[in-house]
Structure formats: C-alpha cells, structure tokens
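User: Hi! I'd like to learn how to read aromatic pairs in a protein model. Could you walk me through it?

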Amino acid sequence: MRVMKWSMIALAVSAGTSQFAMASAQDDSKGFVDDSTLSINTRLLNFGRDFRNNDTGKSRVNETGLGFNGLYQSGFTQGTVGFGLDVIGLLGVKLDSGKGVSGTGLFPTASDGRSQDDYSKGGGALKFRISDTVLKVGDQYTTAPVFASDDSRLLPELPQGISITSNEIKGLKLEAGHFTSIVAQDHTYKDSISSSEPGTGRGLRDANFIGGVYAFTPELTASLYYSKVEDYWKKTYANVNWTHALSNEQSLAVDFNIYSTKSDGAGLQRAEKDGTTKLDNRAYSLQGAYTIQAHTFTLAYQKVSGDGDYGYGVDGGGTIFLANSIARSDFNAEDEKSWQARYDLNMATFGVPGLSFMTRYVKGTGADTGVTTNGKEWERDIEAKYVIQSGPAKDLSLRVRQATYRSSDGVYYGSASIDELRLIAQYPLNIL
C-alpha cells in the first residue's frame, strides 16, 4: 500500500502548491467534452515463423489477423479538481490460420489447437487532475521501464490498476503505480499474463512501482525507478541518455540502461534451469549512435551478471529497456554478453520522405542455460518501412520485418533456428 500513500501525498502537495503556479494543464481545461479525443488504430498483421531444426513440435506457424484498437479520452471538467474518463475497446479478427500453423500469439487458442475466429477486450479508467498531476484508476496502458505493457502482436496487453503522473516541476516527470492484473495480448481475461509463466500456476497479484525522469538539459536526461512484484522480484532501474548535435547534419547519442533484480517472496520466475527460483542479477546495456545526414550507425554492448536470467513478463511484456532486446531474442540469459551493430537509412534526404530501412546484427556468448555455460546465439534483422505523407491515406504505414535467429542448444527456450517474417500495415485514424 506504499504506492497509495505516496499518491495521496503527491495529490496533497500538488493541491497546496498549484495556487502559486502561473498556469497548469488543469487551469487550461476546456471541459469534459471539448477536450475529448477519439482514435482508432487499425493493424493488419501477417506473422510467420519457420523452425528450421525443430524435431519435436511444429515446423512452421503462420497466421494473419486484423486488429482494431479504439481509444476515447475525455477532457477534464473545469475547476480545481478535474474529472475525466478513458475508454479502451479492442477487437481482433482472424483472416488466415489453421490447426497446423496456429500458435503465433496473435489469437487465443482453443483446446483443439485452433485459433479463435475473433476476440475482444476492453475497459475504462476514471481520471482526476489537480494542476499538472493526474490520477487514473482502471484499465490503462503503461510505459514505465519497470512496468510496461507490450504491443508486439495484433492487440496490446491491457493492465488494470492505479497510476499517478505528476509534471509539477519543469523538466521532472514523476510517476507511480499499483497494478493487480494484466490481460495478455492474445487473451481476454484478467491475469491471463500467467500463461507466460509456465510451471508457476500464478500470474500478477500485486505490483507497485515509483520513479521519474529528469531533464538536466535539453541534451541530457536521467531516470530512476523501483518496483516490487509480489512473490516474483524487486527491481531497480536507472537510465542516462545524452544527445548532442555536432552540426545541422550530424549528431551523437549515448544511452545507458541498467536493471538490478532480486527475488521476492516465493521468487517465482519464468524459467527454472537448476532447481532454484532465486534471482539476484544485474543487466545493463550501453549504446552509442552517430548520425550523418540520412545515415545512422549504432553500436551496443549488453551484459547480464549474477544469478539467473533477467526476468520479466509478469510485470508487462515490454519491461525490458535494454539495447539488445530485439525482434526474436532479448539476449538476457544468465552471464550472457552480447554485441550489436546497426545501420539505419532515412530516405527523406534523397527525396523520398516516409521511407526508411534498418538492418542490425546481434551476437551473444557465454550464456549459462543449465545445459551449457557457454551458450551462443545470434540474430539478424532487416526492416523496410514506408509512411504515406499526405492524401486520404496519410499516416498509413507499411512495414516488412525479417529476422533470422540461430543458437546453440539450450540458449533460447524453443527452436535453435528460426526464420521470421512480419508484414504489417497500420492506419491510425483520429475521429475527434
């Protein structure tokens, strides 16, 4: 209940100090209806994986679906305390699948192994605002580095809980949360995130976090977060990000991330390799990027040390803000070291705005998997994306993502050789 106490203190502080502010978001409120927005994001996704040396399961999965993500956000009523409402509606429709190729994570799967024809989920959140501080209660997406919902399939994860975000001090964002369940991407019921925790029989019961981001200068920001997920782990996260323009056409960027994770209570985690469930590890990544005109060159290094893999998932499938967490692998095994080389090309410089290309290669070594203490893996990703810039289809994006993954036995939980292809068309429509 520490987060709840912190929330009330923050609200009291903001209420006591807002009278001294020159202006705030609540002061500028136009009302519940006038500040309302309504958007629908439509995503067409074909997801396929070929398992090159899988002798015990399917050799291939391939499914296509159409997802609709509707979000209504009201404005806040006027006055010292503003009241509002957010409503989320999600619908997934199967376009192509079959029993022999199901299992991509796009749809719920029935007992006969077939994917459902369609599925839906949704919810709402009440919200309150004092000055520049917002309290939300209910269903909501999360982006904190220690509790982040995932949106890598047809429909996103949807957590349920309480959050507070404060921007009372210029350059400083503070946030905290108390969450009790998550609806998984391919499910429709609460606590379905437990499906990614095989062997535990449990999902999320209670997760609390607190943290913030501070901009020291326009070029330098830092963040610090702490979370506790009951019977799983305690995490501390820190980040430093620095960008610097060398000229109108050149810039440098450096990004450092680190997690410290320790088991809490029963110490449940996704994988039990050596008969123990205890975690006590550090995972960090250091990334540097140099941009010159249309070209960006990136190098990154990532390391996991201590006991156990870097664990996440029950606290949100997006809770891994590390440089080498990419399309297929996260390179997050115990004692694993990994290196990345990446190249991005922005074709706007050559007269084709909206068109971009990316390729990267990541290699990991020294992974302790319980089967070996020197597990190796590598992944190569290639991506092309085009966003329509004007006309009736403005903001429609078309993307092709291809990944090739190979590993020694036991490094990744699944096939050691995978070829993956994703074809994605996405159209965001703002109705209000």
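User: Let me start with a single ring. Is F32 buried, partly exposed or exposed?

Analyst: Happy to help; keep in mind that this is a predicted model. Burial is read from relative accessibility, where under 20% is buried and over 50% is exposed. F32 has 26%, so F32 counts as partly exposed. F83 also falls in the partly exposed class, at 32%.

User: How many aromatic pairs are there in the whole structure, and how is the pair of F32 and F83 arranged?

Analyst: In general, a pair of aromatic rings is described by the distance of the centres and the angle of the planes. The search finds 17 aromatic pairs. F32 and F83 are stacked, with 6.2 Å from centre to centre and 15° between the planes. F32 sits in the loop between α1 and β1 while F83 belongs to strand β3, so this pair ties together parts 51 residues apart in sequence.

User: What about F147 and F209: how far apart are the ring centres?

Analyst: Their centres lie 6.1 Å apart and the planes meet at 15°, so this pair is stacked. F147 is in strand β7 and F209 in strand β10, so the pair links parts that are 62 residues apart in sequence. As for burial, F147 is buried at 2% relative accessibility, and F209 is buried at 4%.

User: Which residues form an aromatic cluster?

Analyst: Y237, Y259, Y310, Y312 and F321 form one aromatic cluster.

Conventions
Residues are numbered from 1 along each chain as its sequence is written. This is a predicted model: local features need pLDDT of at least 70, side-chain atom pairs count only at pLDDT 80 or more; totals for chains, interfaces and linings use all residues. Side-chain values use heavy atoms; hydrogens and water are left out. Rings of Phe, Tyr and Trp (its six-membered ring) pair if their centres lie within 6.5 Å; planes under 30 degrees apart count as stacked, over 60 as edge-to-face and the rest as tilted. Helices (H or I, at least four residues) and strands (E, at least two) are DSSP runs, numbered from the N terminus. Buried means under 20% relative accessible area, exposed over 50%, partly exposed in between (1.4 Å probe, protein chains only).
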